[in-house]
Amino acid sequence: GGWKQSTTAPCLYVYRERAGAGGADGGGVPSTKAHDAGKGDEDIVIYMIHWVDDLLVFGNSNAKREELMSRMEKPNGGKYTLERMGVASWFLGIQMLQTEHSIELLQTSYIERMCKDIFDIESENDSVTTPFDPKVNLSKDDVPASAAERAKLSQLPFRAACGKFIYLRHTKPECAYAISQVCRFASTPTKQAWQQCRRIAQYAYNTRHRGVKFTRTTDVSELLSVRAFADASFLDCPDTARSTGGYCVFFCGNLIAFESKRLPLVTLSTAESEYVEATRCATEVAYIKELCRDFNIDLDTVPIMEDNTACIAISANPVHHQRTKHIAKYYHYCRDLVLAGEIELVGVGTKYQVADIFTKPLERDTFRRLSSVLNGYRSYAQLLVDAPTASIATMLQKTSDYANQVYHSLADHDLARYV
């Protein structure tokens, strides 16, 4: 008893107990905004993630967590037989490395088995530094004309590889674009697509000891804050003339959602492609804000970083009507959220557009720079000042207004290492 199921994520449950109270609190829990943190005694909060027969239970009181788990067991009147596994180190096949300041998710064993069973890869290859070759553009035109060649390609474990890749994305978000590209050829494999599959597997093997890292933030301005990035690559699909869009969402400076996907319609301009993807990102942000409300976390206006000025203008007011009147009303949901103050599209330079990694294959240096932020090994503030040949003043001049704000508000404690 006392557990409250999330209305937006059915697998999440929360138990709250007011400080000094003797039982669960069903409602009216004090706000968890950053400016309220640390006032008075701390409420007891226990979370439970339930997936089939696996449970992940965590919170700020070990005693209360053990008490709640005991209530669920049969000897104490509960319905279940629970096997206590101690501090979480594995969940749903994903390894969890926990320290005092961070949690890192890895799939090292999963990658090694996948590479050995499907691709016969058991050693590293230093020449593969990105998951997708920037010089390759996959197309259905590469499908062999002869039935014999098509039959030979159909014998490859292409679909099995795609299935493995989809689960791999949980700890390799930087591979999302490459995986999205090859999965389009699951029913009609091509030689080039299979070569890119092997490249993804080789990259994953090379970086199998790196995953996604969630770091406890020490910056007040990052506490309980959400920042999103959205981008699109115009008409990059040669088969459908559609664009590829991508977005990523960060909570407290850590990645919590991302997407790399071909847009569901043909767009007529770069601005339209960006606007459609910004709307897709806005729907994810709206979901995350609603999820946070389930846990009494009230978020302010969420900035969505966008590198297309026309897209930003369209989101604020119906400018260029002759060029935008054909856009489906559904995609103006983004504008409604902007006018309601739920989100704000903010300009950012392409160099600092983290979502760029989801829309096109990047060269090695750019890929490493963005993926390090995406995977949580560096902060976005560090990305802004990471230019060995440029001075801090030059960097600030090149960044957008929002980048300047982030630089001043988040990076003060980091600047000593770079100045």
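Before I start, one definition: helices and strands here are DSSP runs, numbered from the N terminus, a helix having at least four residues and a strand at least two. With that in hand, I can place Leu 268, which is found in the loop between strand 11 (254-262) and helix 7 (270-294). Please keep in mind that this is a predicted model.

Let me stay with Leu 268 for a moment. Is Leu 268 buried or exposed? Its relative accessibility is 63%, so it counts as exposed. Leu 268 is also one of the members of a nonpolar patch on the surface, together with Phe 234, Leu 235 and Val 266. The accessible area of these residues together is about 350 Å².

Now from the surface to a buried strand. Strand 12 covers residues 302-306, and five of its five residues are buried, so the strand is largely enclosed by the rest of the structure. As a general point, side chains in a regular strand alternate between the two faces of the sheet. Here, Val 302, Ile 304 and Glu 306 point one way, while Pro 303 and Met 305 point the other way. Glu 306 is buried along with the others.

What does strand 12 pair with? One partner is strand 9, residues 226-233, in the parallel sense over two bridges. There, Met 305 stands opposite Phe 229. Another partner is strand 13, residues 343-347, which runs parallel to strand 12 and is joined to it by five bridges. On that side, Ile 304 has Leu 345 as its bridge partner.

There is also an open sheet of four strands, in the order 1-2-3-4, with antiparallel pairing. Which strands are at its edges? They are strand 1 (4-5) and strand 4 (54-59), each of which pairs on one side only. Strand 4 pairs with strand 3, residues 44-51, over six bridges in the antiparallel sense. Within that pairing, Ile 49 is matched with Leu 56 in strand 4.

Next, the aromatic rings. The count comes to eleven aromatic pairs. One of them is Phe 119 with Trp 194, which is stacked: the centres are 5.3 Å apart and the planes are at 25 degrees. Phe 119 is in helix 2 (residues 108-119) and Trp 194 is in helix 6 (residues 191-206), so this pair ties together parts that are 75 residues apart in sequence. Both Phe 119 and Trp 194 are buried. A second pair is Phe 229 with Tyr 380; the centres are 5.1 Å apart and the planes are at 65 degrees, so the pair is edge-to-face. Phe 229 belongs to strand 9 and Tyr 380 to helix 12 (residues 380-385), 151 residues apart. These two residues are buried as well. Finally, Phe 119 and Trp 194 form one aromatic cluster with Phe 158 and Phe 165.

Rings also meet charges. The charged end of Lys 140 sits over the ring of Phe 185, at 5.7 Å from its centre. Arg 208 lies over the face of Tyr 205, at 4.1 Å from the ring centre.

Arg 208 leads on to the salt bridges, of which the count is 15. Arg 208 forms one with Glu 124, with the closest N and O atoms 3.1 Å apart. The two are 84 residues apart: Arg 208 is in the loop between helix 6 and strand 8 (212-215), and Glu 124 is in the loop between helix 2 and helix 3 (147-154). How do they differ in exposure? Arg 208 has 12% relative accessibility and counts as buried, whereas Glu 124, at 45%, is partly exposed.

Glu 342 takes part in two of the bridges I want to show. With Lys 289, the closest N and O atoms are 2.7 Å apart. This links helix 7, which holds Lys 289, to the loop between helix 10 (333-339) and strand 13, which holds Glu 342. With Arg 293, the N to O distance is 3.3 Å. Arg 293 is in helix 7 and Glu 342 in that loop, so the pair ties together parts that are 49 residues apart in sequence. Lys 289 is buried, at 5% relative accessibility. Glu 342 is partly exposed at 25%, and Arg 293 is partly exposed at 34%.

Last, a network of salt bridges links Glu 17, Lys 64, Glu 67 and Arg 71.

Note on methods
Residues are numbered from 1 along each chain as its sequence is written. This is a predicted model: local features need pLDDT of at least 70, side-chain atom pairs count only at pLDDT 80 or more; totals for chains, interfaces and linings use all residues. Side-chain values use heavy atoms; hydrogens and water are left out. Buried means under 20% relative accessible area, exposed over 50%, partly exposed in between (1.4 Å probe, protein chains only). Two strands pair if DSSP finds at least two bridges between them. Rings of Phe, Tyr and Trp (its six-membered ring) pair if their centres lie within 6.5 Å; planes under 30 degrees apart count as stacked, over 60 as edge-to-face and the rest as tilted. A charge sits over a ring if NZ of Lys or CZ of Arg is within 6 Å of the ring centre and within 35 degrees of the ring normal. Patches are made of residues with over 30% relative accessible area and no salt bridge: like charges are joined within 9 Å, nonpolar side chains (Val, Leu, Ile, Met, Phe, Trp, Tyr) within 5 Å. Accessible areas come from the Shrake-Rupley method with a 1.4 Å probe; for residues, only the protein chains shown count as cover. A salt bridge is a side-chain nitrogen of Lys or Arg within 4 Å of a carboxyl oxygen of Asp or Glu.
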